[in-house]
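Thanks, everyone, for making the time this morning. I would like to go through one structure with you, taking its internal space, its salt bridges and its surface in turn.

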Amino acid sequence: MAANYEYDDAPAANYEGESGGEGGYDPNFVPDSVKSFVVHMYRHIREKNVYEIHQMCETSFQTLSERLFKETPWPCVEAIAPYVDNDHVFCLLYREMWFRHLYARLSPTLKQRIDSYDNYCSLFQVVLHGVVNMQLPNQWLWDMVDEFVYQFQSFCQFRAKLKNKTEQEIALLKQHDKAWNVYGVLNFLQALVEKSTIVQILEQDKDGLEQFTATDGYDYSGGSNVLKVLGYFSMVGLLRVHCLLGDYHTGLKWLQPIDITQQGVYTSVIGCHIATIYHYGFANLMLRRYVDAVREFNKILLYIYKTKQYHQKSPQYEQILKKNEQMYALLAVCLSLCPQTKLVDESVNSQLREKYGEKMMRMQRYDDEAFVIFDELFSYACPKFITPSAPSFEEPLVNYNQDAYRLQLKMFLYEVKQQQLLAGVRTFLKVYSSISLAKLAKYMEVDESTLRTILLTYKHKTHSVDSDGRIISNADIDFYVNNDKIYVVETKPAKRHGDFFLRQIAKLEGVINDMERVKLE
């Protein structure tokens, strides 16, 4: 019953052998606007002018890419190096942006994927073992970690499609077996966390001994923010990698030093904010901590609902909208397995009902049609799981890029099936404040010992272990049994009149604005 869910990679285009000429790509040709861009960027980095660097990355780089490099890569690093004093670190940073543009706009070859990994290794080695006296924007530092993990995921998916690989590609994969190795990726991210001492910095930050959060990670005393902030974002990167591997406990453990109930450096970059909560929520969903998942999905969806118009010109806008839709699907799944609508804001709830109201009604039935919907929503909203191990090239070459996804889907649907029995119990518990075991067993057409087993299963499935090892309840209805009688305890949601009035005020303002635009004849 698994949905047909492919992770498609566009066919790779080869730019390495192309030469200049009309319509061609000459990697050594540097237009004047690119010369000006790299010269100014180099100067701003040397002067630690964070604002200008940010403007150049987010605006100038995107504008030039749109105008000059829509379907080709930027000029090669060797061509721009003379304009920046052949500065080694700047050339590594330029190549990081070069490869990021290549992945976003075109399709990298296997050789380019390997070269990008080598560039990240060199860049992170400089940060970890060199003397870095730079101040870079948080957005760029987040993009480095985000892109590093994305390219690792993309490489694993690419490598797992063995059937249509050429002999040259197979030979290259064998030769560069260390490229995008899972241990190498994890080691770099963990080394950045440890070398930056970010965990200790965040501890001191809570006690008021550090100003990391207050300054958004920037160093106003003339130092560098690069290692500290890369270490901070690497904790989010580690959460993401472990989610891709299906190791949700370890992923959440890496995120623990960041208090996601508060504003922090992770909320200063919209892409990081969304990635953090998306992976945090998904990991909690897979660990049956539905309340934690619902609470955080609700907060981020409300935030996007209120602020998305401010990000329309951002390069990340499409990604924001995609993750927004995926998180609504995950919220629908969470609420179908654990009906905790009292935790959801009315604005989010109305959007959810509009998108998935009908499907959520059908998911409550737990029949074959419901399982198809659970399958569909999970497949649409889950991360692109990976198999990190290298293939065996001796066997008949087969595609295995779907294996990890199918395993996670199987585990998820197994959990959904186990919830099927509980749907009936919950229906009866909603109706009664107390009921005898014999009476409920008769209604459910089972004997008393079977009913006791079902009730214990209900208790087990509506409780989970949180990150601190405490047992927490996910149930909106709880009960206890005393002298063969069941007593039901239902939590009453607090009514929030403020949300209603705010929504009506916003609607009225919208109507007034529309009326003002109407010209009366």
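What follows is a short walk through this model, which is a predicted one.

Let me begin with the enclosed space. A search of the whole structure finds one cavity of 30 Å³ or more, and the volume of this largest cavity is about 30 Å³. Its lining consists of Phe37, Met41, Phe90, Leu93, Tyr94, Met97 and Trp140, and two elements, helix H1 (32-46) and helix H4 (88-105), each give two or more residues to that lining. The greatest contribution comes from H4, with four residues. In terms of residue classes, the lining of the largest cavity divides into seven nonpolar, no polar and no charged.

The second largest pocket offers another kind of lining to look at. For this pocket the computed volume is about 500 Å³, and there are 20 lining residues, with Ile260, Thr261, Tyr280, Asp292 and Ser467 lying nearest its centre. Helix H11 (248-255), helix H12 (270-286) and helix H13 (290-307) are the elements that give two or more residues to the lining of this pocket, and H13 gives the most, with three residues. What is the make-up of the lining of the second largest pocket, in nonpolar, polar and charged residues? The lining of that pocket divides into seven nonpolar, four polar and nine charged.

Now to the salt bridges, for which the count comes to 19. I will take three pairs and one network.

In one of the pairs, Asp85 forms a salt bridge with Arg46, and the closest N and O atoms are 3.8 Å apart. Because Asp85 lies in the loop between helix H3 (77-80) and H4, while Arg46 lies in helix H1, the pair ties together parts that are 39 residues apart in sequence. Asp85 is exposed, and Arg46 is exposed as well.

Another pair is Arg240 with Asp146, whose side chains meet in a salt bridge at 2.5 Å, N to O. This pair links distant parts of the chain, with Arg240 in helix H10 (residues 226-245) and Asp146 in helix H6 (residues 138-160), 94 residues apart. Are these two partners buried or exposed? Arg240 has 12% relative accessibility and so counts as buried, whereas Asp146, with a relative accessible area of 24%, is partly exposed.

The remaining pair lies within one helix: Asp403 and Arg406 both belong to helix H17 (residues 403-431), where they are three residues apart, about one turn of the helix. Their salt bridge has its closest N and O atoms 3.9 Å apart. Asp403 is partly exposed, with a relative accessible area of 40%, and Arg406 is also partly exposed, with a value of 45%.

As for the network, salt bridges link Glu66, Lys70 and Arg105.

Let me finish at the surface. Phe500, Phe501, Leu502 and Ile505 make a nonpolar surface patch of about 430 Å². Phe500 is found in helix H20 (residues 497-517). Why can Phe500 be described as partly exposed? Its relative accessible area is 40%, and partly exposed covers the range between the buried class, under 20%, and the exposed class, over 50%.

Technical notes
Residues are numbered from 1 along each chain as its sequence is written. This is a predicted model: local features need pLDDT of at least 70, side-chain atom pairs count only at pLDDT 80 or more; totals for chains, interfaces and linings use all residues. Side-chain values use heavy atoms; hydrogens and water are left out. On a 1 Å grid over the protein atoms alone, a cavity is a set of points where a 1.4 Å probe fits but cannot get out, and a pocket is an open set with protein on both sides within 12 Å along at least five of seven lines; lining residues have an atom within 4 Å of a point. Grid points are joined across faces, edges and corners, and a volume is the space filled by probe spheres set on the points. Ala, Val, Leu, Ile, Met, Phe, Trp, Tyr, Cys and Pro count as nonpolar, Asp, Glu, Lys and Arg as charged, and the others, Gly among them, as polar. Patches are made of residues with over 30% relative accessible area and no salt bridge: like charges are joined within 9 Å, nonpolar side chains (Val, Leu, Ile, Met, Phe, Trp, Tyr) within 5 Å. Accessible areas come from the Shrake-Rupley method with a 1.4 Å probe; for residues, only the protein chains shown count as cover. A salt bridge is a side-chain nitrogen of Lys or Arg within 4 Å of a carboxyl oxygen of Asp or Glu. Buried means under 20% relative accessible area, exposed over 50%, partly exposed in between (1.4 Å probe, protein chains only).
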